[in-house]
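Colleague: I have not worked with this one before. Can you take me through it a piece at a time?

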Amino acid sequence: MTTSTLGFIGLGVMGEPMCRNLARKSGRTVHAHDLDRLVLQRLAEDGVARAGCAAAVMAAADTVFLSLPSGEVVHQLAHQPDGLLAHARSGQTVVDLSTSPVDSTRALAQAFAEKGTTFIDAPVARTRAAAEAGTLSVMVGADAASFERVKPLIATFATDIALCGPVGCGQVVKILNNMVLFETVVALAEAKAIGERAGVDPTLLFETLSKGSADSFALRNHGMKAMLPDEFPERAFSVRYARKDLAYALKLAQDTGVDARSARIVDTWYQAAIDAGLGDQYHPVISQLIST
C-alpha cells in the first residue's frame, strides 16, 4: 500500500459516476467495492480495481470514500464485526459522501478518532447528471487541515466545495438544503394545481414564475423538467430517499427545539405517495397527489 491509493465503497446511482471521475482525474489507483458486480465490471474499464469486501478496501487505501444509501447503512458497515472500524488504522481518512444524521456522524467521527483515523462528512448535492459531469456540490464537515487534504480529491467530481465547519456541519447544511428543496417542490405542486384549476396553463405559469421572484433551482428542474411533462422515473431521487433525508431534518429540528411544521407537511405528502404505491418514483411525483 502507498499513500497514493484510494478506496470507494458504494457504487450506486451517485457512487458509480463519482468513483469513475475520481479514478480518471486523480491519477491514483482506486480500490472499489459494491454488491453489484456489473458496476464493478463497468468501472474496470476506467482502471478501478475490484475489492471483494469493504474490509479489503480499508486494507488497501489511505483515503476511503463512502457513498451509501443512508446513515443507518454507514453505521452498520462501520460497526459490524468485520467492518470499517475493525480495519481502521492510524493516519487513514474516511470520507462519507452519504447523507447521514448529524448525531451519528459525530459519534462515528469519535469512534474513528480512537483508531487514529480521520472521519469527514462530505454529503453531495445535485443530480446524477452532475455526478457524471463532475459538477456536484459538496458540503464538508472537517477541520481545516483535513479539508485541504481531501479537497483536491473531491474536486474530481465536484465544482462547488464548501467547508461548513467541524465534523457534522456538512450534514447539517446538506440536510437543510434538502429540506428547503422539498418544501419548495410542494409549493410548486400547489401552485401548479391552483393555477390549472383557475384556468392558467401550467407551462406559462412556470415560465412566468421563472422570470420573477419565485424563480428557483427547484422550479427550473423539478418543476419544468418533471412536473410539466409528468415524468417521474425510478432510479432518480425517489420519494423513499427524500423522506429519509427529511426525517434527518425533522430529527435535527427536534434536537434544536425548532417547530418545523412546513417540513412535517411535506412528510405527510411523502407518506401519502408511498401509500399510493409511488415510493420508488422521483420525489416530485407528489404533484400528482396534490393535483387530484
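Colleague: Let's start with strand S8. Which residues point one way from S8, and which the other way?

Modeller: Keep in mind that this is a predicted model. Leu136, Val138 and Val140 point one way from S8, while Ser137, Met139 and Gly141 point the other way. In a regular strand, side chains alternate between the two faces of the sheet.

Colleague: How many of the residues in S8 are buried?

Modeller: Six of its six residues are buried, so S8, residues 136–141, is mostly covered.

Colleague: And which strands does S8 pair with, and in what sense?

Modeller: With strand S7, residues 124–125, the pairing is antiparallel and runs over two bridges. Ala125 stands opposite Ser137 there. S8 and S9 run parallel and are joined by six bridges. On that side, Leu136 stands opposite Ala158 in S9.

Colleague: Changing topic. How many aromatic pairs are there?

Modeller: Five, from a search of the whole structure. One of them is Phe65 with Phe157: the ring centres are 6.1 Å apart and the planes are at 85 degrees, so the pair is edge-to-face.

Colleague: Where do Phe65 and Phe157 lie?

Modeller: Phe65 is in strand S4, residues 63–66. Phe157 is in the loop between helix H8 (144–154) and strand S9 (158–165). The pair therefore ties together parts that are 92 residues apart in sequence.

Colleague: Are those two buried or exposed?

Modeller: Phe65 is buried, and Phe157 is too. Ring pairs also link Phe8, Phe65 and Phe157 into a cluster.

Colleague: What about Phe112 and Phe119, stacked or edge-to-face?

Modeller: Stacked, because their planes are at 10 degrees, and the cut-off for stacking is under 30 degrees. The ring centres of Phe112 and Phe119 are 5.3 Å apart. Both residues are buried.

Colleague: On to cysteines. How many disulfides does the count come to?

Modeller: Zero. Cys164 is in no disulfide, and the nearest cysteine sulfur, that of Cys169, is 7.3 Å away.

Colleague: Why is there no bond from Cys169?

Modeller: Because the closest cysteine sulfur, in Cys164, is 7.3 Å from the sulfur of Cys169, which is too far for a bond. The cut-off is within 2.5 Å.

Colleague: Buried or exposed, the two of them? I mean Cys164 and Cys169.

Modeller: Cys164 is partly exposed, with a relative accessible area of 26%. Cys169 counts as buried, at 17% relative accessibility. The cut-off for buried is under 20%.

Colleague: Last topic, helix H13. How many residues does H13 have, and what does it reach from first C-alpha to last?

Modeller: H13 covers residues 261–275, which is 15 residues, and reaches 21 Å from its first C-alpha to its last. That is close to the 21 Å expected at 1.5 Å a residue.

Colleague: Which residues in H13 are buried?

Modeller: Ala263, Val266, Asp267, Tyr270, Ala273 and Ile274 are buried in H13. They cover an arc of only 115 degrees around the axis, so they sit on the same side of H13.

Colleague: What do the buried residues of H13 pack against?

Modeller: They pack against helix H9 (169–197), helix H12 (239–256) and helix H14 (286–290).

Colleague: And which exposed residues does the face turned away carry?

Modeller: Arg261 and Asp275 are the exposed residues on the face of H13 turned away from its buried side.

Colleague: What comes just after H13?

Modeller: Gly277 is just after H13, and takes a positive phi of about 85 degrees.

Technical notes: Residues are numbered from 1 along each chain as its sequence is written. This is a predicted model: local features need pLDDT of at least 70, side-chain atom pairs count only at pLDDT 80 or more; totals for chains, interfaces and linings use all residues. Side-chain values use heavy atoms; hydrogens and water are left out. Buried means under 20% relative accessible area, exposed over 50%, partly exposed in between (1.4 Å probe, protein chains only). Rings of Phe, Tyr and Trp (its six-membered ring) pair if their centres lie within 6.5 Å; planes under 30 degrees apart count as stacked, over 60 as edge-to-face and the rest as tilted. Helices (H or I, at least four residues) and strands (E, at least two) are DSSP runs, numbered from the N terminus. The expected span of a helix is 1.5 Å times one less than its number of residues. The arc is that of the directions from the helix axis to the C-beta atoms. Contact means heavy atoms within 4.5 Å. Two strands pair if DSSP finds at least two bridges between them.
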